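Hi everyone, thanks for coming. Could you all have the viewer open, so we can walk through this one together?

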Amino acid sequence: QVQLVESGGGLVQAGGSLRLSCAASGRTFSRYAMGWFRQAPGKEREFVAAISWSGTIYASSVKGRFTISRDNAKNTVYLQLNSLKPEDTAVYYCAARPGSLRSKGTEYDYWGQGTQVTVSN
């Protein structure tokens, strides 16, 4: 069982930056692929980024602006959000799955409660 707790969300102006964190429980954190997803009001959840031992993948809408990283010693995964746009406004969720990278939310086993990111004009 893995428990995930996100933090770092908030209100920021367009063009600004935020860093989201996701702290995970468990002793085998390094074996898990970690993903970030987001859901805006009235929209479906969408993939943002993921990281595992094999590398990283990004949604095209955030590539070059967002950076995912992890610190296995701290059981934490991060999402650095730069050059934020109003369309990035959403609840951001952290997710975990054992094994390799995936971009489909249905392939992740564990989810956090989410953290709100709001980008104003």
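**A walk through the strands**

Let's start at one spot: Ile51, which is found in strand β5, residues 46-52. Is Ile51 buried or exposed? With a relative accessible area of 8%, Ile51 is buried, because anything under 20% gets that label. Now please find Tyr93 as well. Ile51 and Tyr93 are 42 residues apart in sequence, and their C-alpha atoms are 14 Å apart in space. Before we go on, keep in mind that this is a predicted model.

Let's zoom out to the whole chain. How many helices and how many strands does the chain have? There are zero helices and eleven strands. Reading from the N terminus, you meet β-β-β-β-β-β-β-β-β-β-β. The radius of gyration is 13 Å, close to the 14 Å from the globule rule for 121 residues, so the chain is as compact as a globular protein of that length. Along its principal axes, the C-alpha trace spans about 40 × 25 × 25 Å. As for burial, 46% of the 121 residues count as buried.

Next, how do strands come together? As a general reminder, strands of a sheet pair through backbone hydrogen bonds, in a parallel or an antiparallel way. Here, please look for an open sheet of four strands in the order β1-β3-β8-β7, where the pairing is antiparallel. Which strands are at the edges? They are β1 (4-7) and β7 (66-71), and each of these pairs on one side only. From one strand to the next, the twist averages 15°. If you look at β1 and strand β3 (residues 18-24), you will find four bridges joining them, and the two run antiparallel. One contact to click on is Ser7, whose bridge partner in β3 is Ser21.

Stay with β3 for a moment, and let's talk about sulfur. A search of the whole structure finds one disulfide. Which cysteines does the disulfide join? It joins Cys22 to Cys94, with 2.1 Å from S to S. The angle about the S-S bond is -80°, and the link of Cys22 and Cys94 is left-handed. Cys22 lies in strand β3 while Cys94 lies in strand β9 (residues 90-98), so the pair ties together parts that are 72 residues apart in sequence. Both ends are hidden away: Cys22 is buried, and so is Cys94.

Now for the rings. The structure holds five aromatic pairs. One of them is Tyr32 with Tyr110: their centres are 6.3 Å apart, the planes are at 65°, and the pair is edge-to-face. Where do these two tyrosines come from? Tyr32 is in strand β4 (residues 32-39) and Tyr110 is in strand β10 (residues 110-111), so this pair links distant parts of the chain, 78 residues apart, as the strand assignments show. Both Tyr32 and Tyr110 are buried.

Another pair is Tyr108 with Trp111. Why is that pair edge-to-face? The ring centres are 6.4 Å apart and the planes are at 65°, so the pair gets that name, because the cut-off is an angle over 60 degrees. The two partners are not alike in burial. Tyr108, at 5% relative accessibility, counts as buried, whereas Trp111, at 28%, counts as partly exposed. Tyr108 and Trp111 also belong to one aromatic cluster together with Phe37 and Phe47.

Phe37 has a charged visitor too: the charged end of Arg45 sits over the ring of Phe37, 5.9 Å from the ring centre. You can find a similar arrangement at Phe29, where the charged end of Arg70 sits over the ring, 4.5 Å from its centre.

Last stop: two backbone angles. Generally, most residues other than glycine have a negative phi. Asn75 is not a glycine, yet it has a positive phi of about 50°. Asn75 is found in the loop between β7 and β8 (76-81), and with a relative accessible area of 17% this residue is buried. Ser83, also not a glycine, has a positive phi of about 50°. Where is Ser83? Ser83 lies in the loop between β8 and β9, and at 40% relative accessible area Ser83 is partly exposed.

That's my tour, thank you for listening!

Notes:
Residues numbered from 1 in each chain as written. Predicted model: local features only at pLDDT ≥ 70, side-chain atom pairs only at ≥ 80, totals over all residues. Heavy atoms only, no water. Phe/Tyr/Trp six-rings, centres within 6.5 Å; stacked < 30°, edge-to-face > 60°. Buried < 20%, exposed > 50% of the residue type's maximum accessible area, 1.4 Å probe, protein only. Lys NZ or Arg CZ within 6 Å of the ring centre and 35° of its normal. Pairing = 2+ DSSP bridges. Axes fitted to C-alpha atoms, helices over the stretch in contact; angles between N-to-C directions. Disulfide = S-S within 2.5 Å. Rg over C-alpha atoms; globule rule 2.2 N^0.38 Å.
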